[in-house]
Each structure stands twice: as structure tokens, then as C-alpha cells.
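Me: Could you take a close look at one part of this structure for me, the salt bridges and what sits around them? Cut-offs included, please.

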Amino acid sequence: MTNEQTLILENIKLYLELNPSQRFGQALFNLGINQFRQSDTAAPETFQLRDIYNDRDTDIVKRMDERLNYFNSQK
């Protein structure tokens, strides 16, 4: 397991410990791991998952850090 993968798992664990009422899938979206596709042509109520297959682990860590910093700034 790489350092990035370890960090991703630790962040998920910490987030779920701090937010026990959230489901696992919610945590993945809230942390920016999974995302909805951005589309100018789709209706606002049309939600499609963005394929994250080619995202590097470092990209996911960066998105998670941005989301966690945002959550911390809201407290």
C-alpha cells in the first residue's frame, strides 16, 4: 500500500469517526473521492457519476484535503 492510499483510508476513518451518522457512500462524496459529472447540457436534476478510474491517488488526497479544510473552516 502506498503512502497516499494509507492517507486516503486514514482520512475516511477519521471523517466517519467524527460523523458517525453519515453512511459510507455519503462520506465518499463529502470527501471528494466520488464526484458527480459537471455538465452544462444536462438538466440540473440529472446526476451522473464522474469516472474517477484515471484519477491519481495524489489527486484524490488533494480533493480530500480541500474538502476537510472547507469543513474545518465552517466550524
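Reply: Here's a walk through the salt bridges, starting with how the numbers were made. This is a predicted model, where local features need pLDDT of at least 70 and side-chain atom pairs count only at pLDDT 80 or more, while totals for chains, interfaces and linings use all residues. Residues are numbered from 1 along each chain as its sequence is written, and side-chain values use heavy atoms, with hydrogens and water left out.

The structure holds four salt bridges, each meaning a side-chain nitrogen of Lys or Arg within 4 Å of a carboxyl oxygen of Asp or Glu. Side chains of opposite charge can pair when their charged atoms come close.

Let's begin with Asp55, which is located in the loop between α2 (24-30) and α3 (57-73). Helices here are DSSP runs of H or I with at least four residues, strands are runs of E with at least two, and both are numbered from the N terminus. Asp55 counts as buried because its relative accessible area is 18%; buried means under 20%, exposed over 50%, and partly exposed in between, using a 1.4 Å probe and protein chains only. Its partner in one salt bridge is Arg50, with the closest N and O atoms 2.6 Å apart. Arg50 has a relative accessible area of 26%, so it is partly exposed. Arg63 joins in too: Arg50, Asp55 and Arg63 are linked in a network of salt bridges. As for backbone neighbours, the C-alpha atoms of Asp55 and Ile33 are separated by 9.6 Å, with the two residues 22 apart along the chain.

Next along is Arg56, which forms a salt bridge with Asp59, and there the closest N and O atoms are 3.0 Å apart. Arg56 is exposed, given its relative accessible area of 54%, whereas Asp59 counts as partly exposed at 26%.

Over in helix α1 (3-18), the side chains of Lys13 and Glu17 meet in a salt bridge at 2.7 Å, N to O. These two residues lie four apart in α1, about one turn of the helix. Lys13 is exposed, with a relative accessible area of 52%.

Back in the loop that holds Asp55, you'll also find Leu49. Leu49 is exposed because its relative accessible area is 52%.
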